[in-house]
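Visitor: Could you walk me through one part of this structure up close? I'd like to hear about the aromatic rings and what surrounds them.

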Amino acid sequence: MLIPAFKLELNNPILRGLAAVGSFDGEHPSLTCATSAGKIFFHSPHEKERENQVRFLNINRKISALACGRLSAKMKREVLLVGAQTTVLAYDVQENSDLFFKDAPDGVNTIVVGRFADKQEPLALVGGNCSIQGFDSEGNEAFWTVTGDNVSTMTFCDVDEDGELELLVGSEDFEIRVFRNEEVISETTETDRIVALCPMRQHTFAYALVNGTIGVYDRRGVHAACGSSSPPDLTCAAAAPPPPIRPNVRRWRVKAKHDVTSITGFDLDGDGEPELISGWSNGKVEVRSDRTGEVIFKDNLGSSISAILKADYRSDGRMEVIVCSADGEVRGYLPAGEELGAMAGGAGETEMEEDMLRELHQRKQELMFELRQYEEQAKKQSKGERSAGLVPPDTKLNISLVASRQDGCLYLTLESSNEARIKAAVVFGERVFEGESFAVHQRDPSAKLRVPLRPMKDVAAELSIKALVGGRAAPTFHVFELTYNLPRFAMFVPVDASHAHGVVAGVRFAVPLDSSSEAKLEQAFVSLRDGRPLLIQATSEGEGTLHVKTEDMELAGEVLQDVCAALQLTEVESVADFPQEMAQFKSILQKVDEFNSTRLKLTAEMADSSHQAKTLVVKAEDARILNDIKSMRAAYAQLYSLNAALIGEYSKRANNHEQLLAALKEVNHMIQKAAKLRVGTAKARVVSACRAAIKANNIQSLFQIIATGNSY
């Protein structure tokens, strides 16, 4: 069990994920937490002269994000950044003044502070509705880019070990993206919404999902160019361009029935290597090895964990882990010293050895039982007897993938090589099923079994299959374990090119082809999900041209990115033509204008009504002082009616705001799709150019950028 170095009872609730430690005077740390009723409280252990060490700051808004950091290299103290529904506040706690107060129409879900995107000064990066917005110390927008869905968490990590920090972004579309400047250099798809990310080592980071899963990814799993598990050597780097970052090698993961609320990386056992510290909704705190996921330490608090922070909180030169619970309890843990580390290590090794011996003994008993079963079956077989549960020793299961346009799915077919019957099969696969597994059971077992697959996204997956195989009337079954790699675009089946000749939308880009060949390659596909056609044409025009024809702009981008990755193309320009999607996009932009106009009108009306309410309150109070009961009642009656009208207006404003956010999400999603039709610097240029066109309200230029990648 973990033994805390200190405990605090702050007697104020702490909202989940809304806690930070900031040095607001440049020297001493202060614990900063968001609490109920739109308030923030500060606990400063160095202010011992105060009887009550908790101070409050009234924000009067529902707080959605909280962070502390230096926004300028010249500024020695840190500032407090507070995110509300559509605003960002940078507040100087020491001077009790606002540095800036900015509107964030895309919403504020999370805030991080640090140097990023080749900027000389730190930025406050705000993750919102399909976008990331960066503010400098004066509140100017210094960075903007789009993501695939609402941003749920962000952190910095030097994933590629080049000495520069990349931005890790988790979003509600189950994706973990790595940003270098505006460019996405890596994407990893998980099984649920990402709720937390944290750096571990330079090349590793940890993640947490809304379904209670935590784990660690390691970039050093397999190097793309060298094919080794170690970092690339100099000879390899000189022989080829640097490979794309691929942080998709998972070291381990575990799943619990409770919600994970916070994670951080810290060397708590004093062995020089970081551990993953996780907080859970049941008040549990776990410390796990970042290499194996084994639990090293654990503790329990009285309520759900709100945040896990790292800081030299007692200003004694030692970093501590600070665990905050929902009811205001705070515990600090120091890293183990060398003595304690050695003792803990020795005890841990002894315990580990005992566990290993128990596991080995249990495994030995299982193997002995299996061996006796095999010996009995072998004796019966040598005598010519056939055991009911015995399958021939040469039994194999063959796997095939068959597409069914009639049923709109893929059938993973298992077939035994002899008369053995397949009773049932369980298939495990990430991002393939609604959960993570799918089971098929046959009432009348046969030599063939089909498992329907309907993956919602075009992602490659490794399927792990466990099948029960036995004799014709077998009471017992053998378990066959198999794996099968599902291709990324398996839901598309080839058809005759005539099925797709009516498609006019698509994207055209240059690819290196053999110019001596005048042949025109053409292949059509049909989606099993919705029957939409996809046509791919390759011609030797110029150095080579590839034309991807489909009405789905997102699908075209995925095909383009996949082709460029296969051909190792790092810079690709393209020309896009999607008339249907652009017509829908135009109507969405019109809706955004309408919602903005309505928002301004409702805001002005509510401001007038609020001023009128203040006047009525003053009139009623004056009447009360003058003992004019009749006038006081009249004023309060008017105030009651006005308050009811204000509540109605607020409901209209909230509804309009939700519709505006949905429309802005579609706008940002369109920019994301347009960017995916390019590779390299062209991709980043499209994002920045689209942002500039939207700010200037130049719709014609925006359409031109999406179509050609340029505003001219």
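Guide: Here's a look at the ring pairs, then the charges over rings, and last a buried glutamate.

This is a predicted model, where local features need pLDDT of at least 70, side-chain atom pairs count only at pLDDT 80 or more, and totals for chains, interfaces and linings use all residues. Residues are numbered from 1 along each chain as its sequence is written, and side-chain values use heavy atoms, with hydrogens and water left out.

The structure holds eleven aromatic pairs (rings of Phe, Tyr and Trp, the last by its six-membered ring, with centres within 6.5 Å; planes under 30 degrees apart are stacked, over 60 edge-to-face, the rest tilted). Take Phe116 and Phe143: their ring centres are 5.4 Å apart and the planes sit at 75 degrees, so this pair is edge-to-face. It ties together distant parts of the chain, 27 residues apart: Phe116 is in the loop between strands E10 (110-114) and E11 (123-127), while Phe143 is in strand E13 (141-146). Strands here are DSSP runs of at least two residues, helices of at least four, numbered from the N terminus. Phe116 and Phe143 are both buried (under 20% relative accessible area with a 1.4 Å probe, protein chains only; exposed is over 50%, partly exposed in between). Ring pairs also bring in Phe156, making a cluster with Phe116 and Phe143.

Now the charges over rings (NZ of Lys or CZ of Arg within 6 Å of the ring centre and within 35 degrees of the ring normal). Arg450 has its charged end over the Tyr411 ring, 3.9 Å from the centre, and Lys457 does likewise over Phe174, at 5.8 Å.

Lastly, Glu558 lies in helix H3 (553-567).
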